[in-house]
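Q: Please take a close look at one part of this model, the packing of its helices, and follow it to the individual residues that belong to it or lie elsewhere in the chain.

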Amino acid sequence: MPTPPVADDRLEPSDAPSEGRPTPTGKRLALLSLGALGIVYGDLGTSPLYSLRECFHGVHSVPPNAQNVLGVLSLVFWALVVVVTIKYNVYVLSADNRGEGGVLALMTLVRGKIDGPKARKAVVAVGLFGAALLYGDGMITPAISVLSAVEGLSVATSTFTPYLVPITVAILVLLFAFQRTGTGGLGKVFGPIMLLWFGTLAVLGARWVVQAPEVLKAVNPYYAFRFFELNHGRGFLVLGAVFLVATGGEALYADLGHFGERPIQIDWFSIVAPSLLLNYFGQGALLLHDPSASWNPFYNLAPPWALFPLVGLATAATVIASQAVISGAFSLTHQAVQLGYLPRTTIIHTSQGEIGQIYVPAVNWLIAAATIGLVLGFRSSSSLAAAYGMAVTTTMVITTLLAHIVTRRIWRWPIWATIATTVSFLAVDLSFFGANAIKFRDGGWVPIVVGLLVFVQMTTWERGRCLLAEKLARDRFNVRDFISQLDADRLPRNPRTAVFMARDPEGVPSALLHNLKHNGVLHDRILLLNVQTLEAPEASKKERLEVIDLGRGFYQVSVRFGFMEAPNVPEALSGLPAFGLDLSPMKITYFLGKETLIPKGSKGMWPLRKKLFALMARNSQTASRFFHLPPNRVIELGQQLEF
């Protein structure tokens, strides 16, 4: 059989618009800043409900005398300055992955900058563990936030005390049930509600600061050092409660892609930080005046007539804070699926205009069950606070370590500046981690165990996919050799287009081999389609498609999506006319290979993990649904694979 010339012509699009994301200004900037108040600062903004209370009335509290009050306020002030202001708002927000933030985005940014496969695997493992811990945080944040708000009813009257837990559970059930409808409508009122909330925090605090202005002395770090000198080991344990004021710091970075750096920073410096500091110092002033108010200093700031409206506003604020955490878990799952660290799962886009508006049913109801279980198990926000912080502090340490790689490998800082910055932040992070480690036996193990379970799933899925790819690569036919040896001129040609999904762009898809073997026919145009996920949140129009003409009607097509995008293959293929391929959607048939995995032996992975991988693969969403292929134009050809 003569060997035909095989073309390797990379087709170029006739039109490649330039990319660019303009910096928001004017009205757009104001709207983004208002929206960021509700999403980014929900967790930080509701911390005054329980943070100072735990310092003076919690498991590891200190007496609310004048020296301790000033010492704790000094620690709170400098925690907000160092962790939230300097570390996150100034330092970490600059380490974006094409505008996207979060520990998973940061890990993908630095992974390619590491030399050596072992070091690269270590970075991936650390990043995945940090991402997995956020699921644990997503379970405990709604529980402690909503329960602490509802507990304000018992400040107003003891009548509600027996019903605090049922009321909290009812609110949480409604919150998680609402997720399926999307947050687009409520998102428009999140900002104004949180603006009212921060204004209320400021007014409540200022009312007491005016009565005891001596609390402002706590700005001096001398009082923080004096606090440790007076309280020794017990003072160090109080750091675990002080850390609660900064637990929402990771949200600043995780939500970077939704709002951008400027709106987040504007909110912090002009609204959030002043309001939080006024409220914390106001609670301190109240405790100087009346130490017995330590059992709930936040609600005791308010006059009796304002308690019920304040409980209502606090509940709304905590629901918004919980919504932000839940949406963050959805977004994290979407990223992990796209990057190949979790199996395909049902992801519903609840908005046609906003890429971040998604709903993941499986994640939603798992978090709902865990959150409600935490409320029923711990029954008070004080008990939950004793378990809160372990996961967040660990994630913050991981963020600092990954940011270190950014400063050295991407920003090219001098080694002394990199080390000085990293060591400074690690000293703070590890101090908070050590203070929170004592909480492990009091319930801190819950988010850690959840994080470990998710981490095992992520690493198992990643490793299993690598083993599967290696096996398929060993058995593959090279696509160019296949075309050169194919007697295409003697085979009947179907006057349509066939799209064969291919894991390996250089290999012949098994579905093509099966179709040729059983049907003995070739289509006029055959697209060997390889879907790739970039280590960036979105693919530019120039990156989206790459087409190589292989000759004899065969085309190698690469479609690229960012890890924040929905992989809609038919929509992406609509750009093929720019490459000279004018395809009729009604004349395209998609051929998919469906493998049934049979675990065998222990080569490459423990047998138990192989079984877990096979189970995850069996329960993953079908490729046709995940890639949004038209159901009436899909043919699946199956095979069994031992691995």
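A: A crossing is called left-handed if the near helix is turned anticlockwise from the far one by less than a right angle, and right-handed if it is turned clockwise. The structure is a predicted model, in which local features need pLDDT of at least 70, side-chain atom pairs count only at pLDDT 80 or more, and totals for chains, interfaces and linings use all residues. Residues are numbered from 1 along each chain as its sequence is written, and side-chain values use heavy atoms, with hydrogens and water left out. Helices (H or I, at least four residues) and strands (E, at least two) are DSSP runs, numbered from the N terminus.

Two packed helices are described by the angle between their axes and the distance between the axes. Here an axis is a line fitted to C-alpha atoms, for helices over the stretch in contact, and the angle runs from 0 to 180 degrees between N-to-C directions.

The first pair to consider is α15 and α16. Helix α15 covers residues 307–338, and helix α16 covers residues 361–378. Their axes lie 10 Å apart, and the packing angle is about 135°. This angle makes α15 oblique to α16 (under 35 degrees counts as roughly parallel, over 145 as roughly antiparallel, 65 to 115 as roughly perpendicular, and the rest as oblique). The crossing of α15 past α16 is right-handed. On the α15 side the contact (heavy atoms within 4.5 Å) is made by I326, A329, F330 and T333, and on the α16 side by V363, N364 and I367. These residues divide into 5 nonpolar, 2 polar and no charged (Ala, Val, Leu, Ile, Met, Phe, Trp, Tyr, Cys and Pro count as nonpolar, Asp, Glu, Lys and Arg as charged, and the others, Gly among them, as polar).

Within this contact, A329 of α15 can be followed further. A329 has a relative accessible area of 6% and is therefore buried (buried means under 20% relative accessible area, exposed over 50%, and partly exposed in between, with a 1.4 Å probe and protein chains only). Residues up to four places away in sequence aside, A329 touches Y135, V363 and I367. The C-alpha atoms of A329 and V363 are separated by 7.5 Å, although the two residues are 34 apart along the chain.

A second pair is α4 (66–91) and α19 (residues 415–437). The axes of α4 and α19 come within 12 Å and cross at roughly 135°, so α4 and α19 are oblique to each other. Their crossing is left-handed. The contact involves A79, V82, V83, I86, K87 and Y91 of α4, together with T421, F425, V428, D429 and F432 of α19. By residue class this contact holds 8 nonpolar, 1 polar and 2 charged.

The third pair is α5 (residues 103–111) and α6 (residues 117–150), whose axes come within 9 Å and cross at roughly 170°. That angle makes α5 roughly antiparallel to α6. From α5, the residues V103, L104, M107, V110 and R111 meet R120, V123, V124, G127, L128, G130, A131 and L134 of α6. The contact of α5 with α6 divides into 9 nonpolar, 2 polar and 2 charged residues.

The region preceding α4 adds further detail. S61 is found in the loop between α3 (51–57) and α4, and its relative accessibility of 14% counts as buried. Apart from neighbours within four places in sequence, S61 is in contact with E54, C55, F56, R234 and V238. One of these partners, C55, is buried at a relative accessible area of 1%. Another partner, F56, belongs to helix α3 and is buried at 5%. With residues up to four places away not counted, F56 touches residues including S61, V62, N68, L287 and S294. By contrast with these contacts, the C-alpha atoms of F56 and M564, 508 residues apart along the chain, are separated by 43 Å.

Backbone angles close the account. Most residues other than glycine have a negative phi. H232, which is not a glycine, has a positive phi of about 50°. H232 is placed in helix α10 (residues 222–242) and is exposed, with a relative accessible area of 58%. R552, also not a glycine, has a positive phi of about 55°. R552 lies in the loop between β6 (545–551) and β7 (554–561), and its relative accessibility of 27% counts as partly exposed.
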